[in-house]
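Colleague: Please pick one spot in this chain and give me a close look at it, then work outwards so I can see what sits around it. I'm at the bench rather than the keyboard, so spell out your cut-offs as you go.

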Amino acid sequence: MTGRSAAADSTEFNQNGLQMSAGEMADLAQYATEILVERWQQLADERAWEGDFRDSLASLLDEDPPEEGHPPRHVIDRAVKDVLCNTLRLDHPRSFGFIPTCPTWPGVLADYLAAGFNVNAVAWLVASGPSQLEAIVVNWFRQWFGLPEGAGGLITSGGSAAALHALVAAREAANNPRRAVVYMSDATHSAQMQAARVIGIPASRIRALPSDQGRLMPDSVAQAVSADRKAGLTPMIVCANAGTSSRGAIDPLSELAEICADQGIWFHVDAAYGGGAILTQRGAKALKGIDLADSIVFDAHKWLFQPYEGGCVLVRSADALEKAFAIQHDVLQDTVWGVKHANPSDLGIQTSRSFRALKIWMSIQTFGLAAFRSAIDNGLDLAEHAGEYIRASSVLELMGGSLSIVCFRVNPGGMDEDALAHINRVVLAQMFWHGHAFLSSTSLDRRPALRLCIVNHTTTWRDVVETLVEIEEWAQEAVS
Ligand SMILES: *Cc1c(COP(=O)(O)O)cnc(C)c1O
């Protein structure tokens, strides 16, 4: 009896005000859904960029946490109006800056479901279904990139985290040599440089070799490796690109792989952006040699149309991650279920993990891979047509690009490099503040370039051509 009344009493402690009734839960979810569906339907009619300066946002949002709560619809309204709307709309059909993403609805719902089911994708004991599903999604990726059956990997927050995992695995596989050297090109994404720093490689042993048209030249790698060996250093990792973020450049993967195989160097390939192209015929041809990688980084939250966050690290030998990361821990001793049940937390630096594989699986299950292939192909087509348009334009100059990235500049003729740099800055600023599209710039061989990155399954040729026409108009205005 005493036990019972203690239990009855304990319900008293539960009256903390953090629960909602079933009706309220469903009503709020419905409200949030309506807001999202309306946003998606109106997206193309909105500006691609929205944002504000610190002072105005601080005056809207700076406050102490309230001791008493507010009506939940009011809280959602505030979040939408003052916070969520002040963002670059990366899924807008004319959002061409950086490397955006445009998720599918089942992917968004998957994140909602994963949060609602409160999944912690840490271990088999805690989440057997999610662990199995993540292994399946990773295995799909393994097959896409042509890695052998013993390969494995992990879904990560993104490409940067994936790169770090790959480099740690590489260092451990090389038995952590004392004077290790890492090679990449000067066009390589900073994530590789960061990962090299985090694994303890000082700047003096990170070789950012000059690229040619954004590509790492095998000869320069071979020379640097040989010079470093002579100096008593240990060449450890070559970081190659399968689609640089600046202009989509793809390094000569097969040749670099051969050097690495000869020299016993880990061959890492950053396909965070370009990896999606593997699903198309053209892309697979362009990425030839990626199957020779010891590790690959791929972002599903770029050219595979997933919500943030969804990166992946693949390693040629699945043990490489476990060898690098698995550490037994008393409080998790019950989760050890043997080799058939590798716990995701043993393959990387996260213990508690959100269930990121679900969105990839659900969106592919819903639409089928053919739809993804065709959406990726569409990006390749649009980039090709944009290139043709720019080539034929009297005020635009094509500067480079590959896969779905097109780099160009305003160049009406008769201007020196300084004047060209200036006019391109002016046009970019006009597009930013007044334009109907969002684009960002880059530097190609130290010359400023405008850039379209087309990885959105809703983007049409009309979106692309109207953006280019608008740039031509701003250019005319800037010269006159
Ligand atoms: C985006 C990107 C990264 C970094 O990935 P995140 O998901 O942003 O962490 C690395 N390399 C390339 C080529 C990229 O495009």
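Modeller: Start with Ile199: setting aside neighbours within four places in sequence, Ile199 is in contact with Leu164, Leu167, Val168, Arg171, Met236 and Ile237, where contact means heavy atoms within 4.5 Å. Bear in mind that this is a predicted model, where local features need pLDDT of at least 70 and side-chain atom pairs count only at pLDDT 80 or more, while totals for chains, interfaces and linings use all residues. Numbering runs from 1 along each chain as its sequence is written, and side-chain values use heavy atoms, with hydrogens and water left out.

Ile199 lies in the loop between α8 (190-198) and β3 (206-209). Those labels are DSSP runs numbered from the N terminus: helices are H or I with at least four residues, strands are E with at least two. Despite being in a loop, Ile199 is buried, because its relative accessible area is 7%. Buried means under 20% relative accessible area, exposed over 50%, and partly exposed in between, using a 1.4 Å probe and protein chains only. One of its partners, Arg171, is 28 residues away in sequence, yet the two C-alpha atoms are 7.8 Å apart in space.

From there, go to Asn241, in strand β4 (residues 234-241). Asn241 counts as buried because its relative accessibility is 1%. The Asn241 side chain makes a polar contact with the side chain of Thr188, at 3.1 Å. By polar contact I mean a pair of N or O atoms within 3.5 Å; within protein, one must be able to donate a hydrogen and the other to accept it, and residues adjacent in sequence count only if both atoms are side-chain atoms. If you skip residues up to four places away in sequence, Asn241 touches Ser185, Ala187, Thr188, His189, Ala249, Ile250, Asp251, Leu253 and Asp270.

Next, helix α14 (residues 357-367), where Ala357, Leu358, Lys359, Ile360, Met362, Ser363 and Ile364 are buried. Those buried residues pack against α5 (105-116), α6 (128-144), β1 (152-156), α12 (300-303) and α15 (369-392). Just after α14, Gly368 takes a positive phi of about 85°.

Two of those packing partners, α5 and α6, are joined by a loop worth a look. Asn118 is found there, and its phi is near 55°, a positive value in a residue other than glycine. Asn118 is exposed, since its relative accessible area is 65%. Val119 is in that loop between α5 and α6 too; leaving aside neighbours within four places, Val119 is in contact with Ala114, Ala127, Pro130, Arg353, Ser354 and Phe355. For a sense of distance, the C-alpha atoms of Val119 and Leu304 are separated by 23 Å, with the two positions 185 residues apart along the chain. Moving on into helix α6 you find Ser131, which is buried because its relative accessible area is 5%. Not counting residues up to four places away, Ser131 touches Ala123, Trp124 and Pro344.

The loop between α12 and β7 (311-315) has its own backbone oddities, and Glu309 is placed in it. The peptide bond from Tyr308 to Glu309 is cis, with omega near 5°. Phe305 is in the loop between α12 and β7 as well, and has a positive phi near 60° in a residue other than glycine. Phe305 counts as buried, because its relative accessibility is 2%. As background, most residues other than glycine have a negative phi, and most peptide bonds are trans.

Now step back to the whole chain. The protein chain has 17 helices and 11 strands, and its C-alpha trace spans about 95 × 60 × 45 Å along the principal axes. Of its 480 residues, 47% count as buried. Among contacts between residues at least 6 apart in sequence, 75% join residues at least 24 apart. For 480 residues, a compact globule would have a radius of gyration near 23 Å, and this chain's 25 Å agrees with that. That radius is taken over C-alpha atoms, and the globule rule is 2.2 Å times the number of residues to the power 0.38.
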